[in-house]
Amino acid sequence: EDVDASANPSASPLMVYVRPTTSVATKGQDLYVAIFVNGNGEMSSAHVSMNYDPNLLEVKGVRDSGMLSAGARAELQFAADGGVINIQMDRPHGVAAVPARGQLCLIVFSVKAAGQSPLLLNEQSTYFRTPTGLNLPIKVQSSQVEIP
């Protein structure tokens, strides 16, 4: 057991994962890609930036998975442009933070063409904040999807 991490839970980074529901997608169907967070910190807002191949995948929408909406509905905004999707989620002001553990959101893509697309988290532009506005340290684990 790492004594430092337990004495200061925000010292160990949050793990941020991209998990497609399938590693092989079908052209003409929807692909669901979940963003998971696992760590010891408490968070009140999240900004996730991810690259994908816009020739193969098109963003249809982003769904709140409920983690940031526990007890109060989080505000969710996203923008997808040129193969980069940016997702911003915020808990209402004055509402307590939530543990940084669970499925943050679900990105819905429509699959346009065959190939291989990265689902690459941008570590520099992905951040999770505490209620006091501090950035929690993160480690990202990206993924990819195959379209036959």
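Select strand β3 and strand β9 (residues 127–129) in this predicted model. The two strands run antiparallel and are joined by 3 bridges. To see one position along this pairing, display H47, which stands opposite Y127 in β9.

Keep H47 on display and add strand β6 (residues 84–90) to the selection. Within β6, Q88 is the bridge partner of H47. The pairing of β3 with β6 is antiparallel and extends over 7 bridges.

Next, bring in strand β8 (residues 115–121). This strand also pairs with β3 in the antiparallel sense, here over 2 bridges. Select M50 to find a position in this pairing: its bridge partner in β8 is L121.

With these partners on screen, consider β3 as a whole. Of its 7 residues, 6 are buried, so the strand is largely enclosed by the rest of the structure.

Now select S45, which belongs to β3 (residues 45–51). Is S45 buried or exposed? Its relative accessibility is 9%, and because buried means under 20%, S45 counts as buried. Which residues are in contact with S45, once its neighbours within four places in sequence are left aside? They are L68, Q88, M89, D90, Y127, F128 and R129. Two of the names in that list have already appeared on this tour: Q88 as the bridge partner of H47 in β6, and Y127 as the residue opposite H47 in β9.

Move now to another selection, the open sheet of 5 strands. Its strands follow the order β4-β7-β2-β1-β11, and their pairing is mixed. At the edges stand β4 (57–64) and β11 (138–141); each has a single partner strand, so one side of each is left without a neighbour in the sheet. On average, neighbouring strands of this sheet are turned by 20° against each other, direction ignored.

Within this sheet, select strand β1 (residues 14–20) together with β11. These strands pair in the parallel sense over 4 bridges. Display Y17 and, opposite it in β11, Q141.

From Y17, continue to R19. Over which faces does R19 lie? One is the face of Y17, with R19 at 4.9 Å from the ring centre. Another is the face of F36, where the distance from the ring centre is 5.8 Å.

To finish, consider aromatic pairs across the model. How many does a search of the whole structure find? The search finds 1 aromatic pair.

Terms used
Residues numbered from 1 in each chain as written. Predicted model: local features only at pLDDT ≥ 70, side-chain atom pairs only at ≥ 80, totals over all residues. Heavy atoms only, no water. Buried < 20%, exposed > 50% of the residue type's maximum accessible area, 1.4 Å probe, protein only. Contact = heavy atoms within 4.5 Å. Pairing = 2+ DSSP bridges. Phe/Tyr/Trp six-rings, centres within 6.5 Å; stacked < 30°, edge-to-face > 60°. Lys NZ or Arg CZ within 6 Å of the ring centre and 35° of its normal. Axes fitted to C-alpha atoms, helices over the stretch in contact; angles between N-to-C directions.
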